[in-house]
There are 2 protein chains.
Amino acid sequence: MTKPGAGARRVTLRDVGALAGVDPSIASRVLGGEMNRVTEGTRERIFEAAKELGWRPHAAARSLRKGTTSMLAVIVPSLYNPAYSGMMKGVQLAAAAEDHVVVFSEGTAGEGTRELERLSEYVDGIIWASSQADGHDEALPASVAPTILLNRQGFPGLPAVVGPDAEGARMAARHLISLGHTRLGVLTGPTSIDTATRRLDAFLSEARLYGAQVVWQASVELDIDAAQQAAAAMVALPRSERPTAVFAAALSASFGLINAARQAGLEVPADLSVVGLDDAEVAEIISPPLTTVRMPHVAMGMEAVRNVLRLIRGEDLPPTIEVTSPSPELIVRGSTSNNLDRTVER
Amino acid sequence: MTKPGAGARRVTLRDVGALAGVDPSIASRVLGGEMNRVTEGTRERIFEAAKELGWRPHAAARSLRKGTTSMLAVIVPSLYNPAYSGMMKGVQLAAAAEDHVVVFSEGTAGEGTRELERLSEYVDGIIWASSQADGHDEALPASVAPTILLNRQGFPGLPAVVGPDAEGARMAARHLISLGHTRLGVLTGPTSIDTATRRLDAFLSEARLYGAQVVWQASVELDIDAAQQAAAAMVALPRSERPTAVFAAALSASFGLINAARQAGLEVPADLSVVGLDDAEVAEIISPPLTTVRMPHVAMGMEAVRNVLRLIRGEDLPPTIEVTSPSPELIVRGSTSNNLDRTVER
DNA sequence: TTGTACGCGTTATCAT
DNA sequence: ATGATAACGCGTACAA
């Protein structure tokens, strides 16, 4: 039992081999998991020696030799945005299952592709969930690791894993309509992000299908303040011109909307129903608790890992992979209610 | 301009050297940042060649040679816990400033030290912010990278970076007392975590100092449900036995407390004032918005990075480093108010 | 100022 | 079934 810190030279396969009385290359084979081409006796001796000496693989040496790092990077718009919590959990889960380590990084605005290059030195593949990934800013540099988009699509040449946005938006529409609402509103993220437009289009067409009117609509950046500001204009409208129910197609939009309503003295859901998209713990603790459509974020994160791994192996991928299972789920909490305008005609 | 994906062999220093007409070792020196021992002309030719070919350092090769990876790991109790948002931002900031990449990992219960070993293969140092790090479970394995605790202390042999917990708790106490409250309560995290006990002790002694009584106190796990359950018992107490104001010494405690109060039909802050510790965006959007003491989390994260780097360099560290600047700051929002019991005696 | 030579730890290939 | 060897890309001590 050597004292750590001190002179503690690294234990290498040479040491293990020496103790087990075999060549280092055999030790490498055995500890690398090769089952054949070695007698049971030596196998055991090698494992014992490795354990005795406390051998651990040297990631850098292995990487250099094999040309692969067993690391994946994921770029998110902002670290600890609750809307990404589920996806990151899925990434973490699937990566661990595939024996990969995950490097997280914030995709700060304007530096999208710089970050891709920097991380490419370290990892085998990249999962890009940043809103920068809209393909409108810059081209992809040459020296970049295999990259897949998550929860977004549209960067030329990069395959994407997306969720059932259209179905989720339709569920939100049907929920409001089934509550008797006929004058609807919709608040989405920036139209430059296709995820937002897919949600918007699906909501609009489902509303039309059921004969509901969409009397207000806006697109805002994905932060609470921007949403609140846009919603403030809506809640200031006279009652007859306002929607009685709004679909807020992102978590930040839901929060901004509810805040604006409260500030204007409107009660949610009595005066205005709000249904969100995406879920998080915070949706339960606000008041009223948010009725929302939960997307299969964990599955999406896992699917992203599996597919970036395919990409790394050189397999061909379809341009867009939609995760449809588990299906989006309507979580009814407190922010939606029947359309009172219909029953109490005042 | 080579097509990516295709046969694209890696660009090495040999290629760069060849194009610049020098030995690869010179290219290594120049691109490694060595300023002397080379003429200006060759310097330029090498940079040009590197740029032209799109050379990027090979992290694994460099690591193997230098015995260092330029990567740091940080272990948090749960990914995307908003209470860690600030600290992680600080870690990310300082790491980037020191040209290090950050690997995030969840410190799942009971696997604390396993995770340390696994990550040690990849990184130069570890920042351990998991609540597992209480030193009561297991001993530190020998083959572990230099490790520093963050927002916790007490694991034998590991230096710790902590925040101004005592001062923060005192500020909370003084705030409630200045509002006229004399019967106080306190809800902290598990006593096995020294951060919780430091906050508790400071609150208790500050209350005593000002002659306020602490009529209720509890310690719970760091999740909303546990806090809510404990608080439910308190709000069920008759009015005369209840505190009129409670210090919830963690974000999850604040939320659980407010939920329990609302469920019991109590109004916050009219019937019960709540002051929290730690801040996050979610504290603004709940209702009432949480009055809380903001801790210097970003600075703490940065300090953790700087000190783990010192540890890696072999420097000696004091067992505990308290970050005192910026000072904790009381953010008065809506969850505290004057003690009405005193004015309206009913 | 520039070049040579070697080794970091691992693993794939080839020989025994 | 086992062993010897070379090479991954880089950085550095040393020689020229």
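## A first contact with DNA

Let's start at the DNA: the side chain of S28(A) places an N or O atom 2.8 Å from a phosphate oxygen of DNA strand C. Please keep in mind throughout that this is a predicted model.

Which residues come nearest to DNA strand C? Among the 25 residues around the strand, they are L13(A), R62(A), R65(A), D23(B) and R65(B). Of the strand C atoms that come within 4 Å of the protein, 62% belong to sugar and phosphate.

## More on strand C

Chain B also takes part in polar contacts here. T39(B) has a polar side-chain atom 3.1 Å from a phosphate oxygen of DNA strand C, while R29(B) brings a polar side-chain atom to 3.3 Å from a base oxygen of that strand.

Which elements stand behind this surface? α2 (24–31) and α4 of chain A, along with α2 (24–31) and α4 (59–66) of chain B, each supply at least two residues. The largest share comes from α4(A), which gives four residues. By class, the surface near DNA strand C has 10 charged, eight nonpolar and seven polar residues.

## Strand D

Now for the other DNA strand. Around DNA strand D there are 24 residues, and D23(A), R29(A), L13(B), R62(B) and R65(B) come nearest. Sugar and phosphate make up 59% of the strand D atoms that come within 4 Å of the protein.

Three polar contacts are worth finding in the viewer. A polar backbone atom of D23(A) is 2.9 Å from a phosphate oxygen of DNA strand D, and W55(B) has a polar side-chain atom 3.0 Å from a phosphate oxygen of DNA strand D. R65(B) goes to a base instead: an N or O atom of its side chain is 2.2 Å from a base nitrogen of DNA strand D. The elements that give two or more residues to this surface are α2 and α4 of chain A and α2 and α4 of chain B. For DNA strand D the largest share, four residues, comes from α4(B). The surface near DNA strand D divides into 10 charged, seven polar and seven nonpolar residues.

## How the two chains are related

Two copies of a chain are related by a rotation about an axis and a shift along it. What rotation and shift apply here? Chain A superposes on chain B after a rotation of 179° with 0.0 Å of shift along the axis, and the RMSD is 0.1 Å. That is the relation of a two-fold axis.

The contact surfaces tell a matching story. 100% of the interface residues of chain A are also interface residues in chain B, so the copies meet through the same surface.

## The interface between chains A and B

Each side has its count: 43 residues from chain A and 43 residues from chain B make the contact. The size of an interface is often given as the accessible area lost when the parts come together. Here chain A and chain B bury about 3900 Å² between them, with 64% of that area on carbon and sulfur atoms. On the chain A side, Y80(A), E121(A) and I285(A) lose the most area to chain B, together 21% of what that side buries.

How many salt bridges cross the interface of chain A and chain B? The rule finds four. In one salt bridge, the side chain of K89(A) meets that of E106(B) at 3.6 Å, N to O. Between the two chains there are also six residue pairs in polar contact. Elements that each supply at least two residues to the chain A side include α4 (59–66), β1 (71–76), α5 (85–97) and α10 (251–263). β2(A) gives the most to that side, with six residues. The chain A side divides into 23 nonpolar, 12 polar and eight charged residues.

## Local details worth a look

Over all chains, the structure holds 38 salt bridges. Within chain A, the side chains of R43(A) and E40(A) form a salt bridge at 4.0 Å, N to O. These two residues are three apart in helix α3 (residues 40–53) of chain A, so about one helical turn separates them.

Where are the cis peptide bonds? One joins S287(A) and P288(A), with omega about -5°, and another joins S287(B) and P288(B), also with omega about -5°. P288(A) lies in the loop between α11 and β10 (291–294) of chain A, and P288(B) lies in the loop between α11 (281–285) and β10 (291–294) of chain B. Finally, S70(B) has a positive phi of about 60° although it is not a glycine. S70(B) sits in the loop between α4 and β1 (71–76) of chain B.

Terms used: Residues are numbered from 1 along each chain as its sequence is written. Chains are lettered from A and ligands numbered from 1 in the order in which they are written. This is a predicted model: local features need pLDDT of at least 70, side-chain atom pairs count only at pLDDT 80 or more; totals for chains, interfaces and linings use all residues. Side-chain values use heavy atoms; hydrogens and water are left out. Contact means heavy atoms within 4.5 Å. Buried area is the accessible area (1.4 Å probe) that two parts lose on being put together, summed over both. A polar contact is a pair of N or O atoms within 3.5 Å; within protein, one must be able to donate a hydrogen and the other to accept it, and residues adjacent in sequence count only if both atoms are side-chain atoms. Ala, Val, Leu, Ile, Met, Phe, Trp, Tyr, Cys and Pro count as nonpolar, Asp, Glu, Lys and Arg as charged, and the others, Gly among them, as polar. A residue is near a molecule or strand if one of its heavy atoms lies within 4 Å of it. Copies are superposed by least squares on the C-alpha atoms of residues with pLDDT of at least 70 in both.
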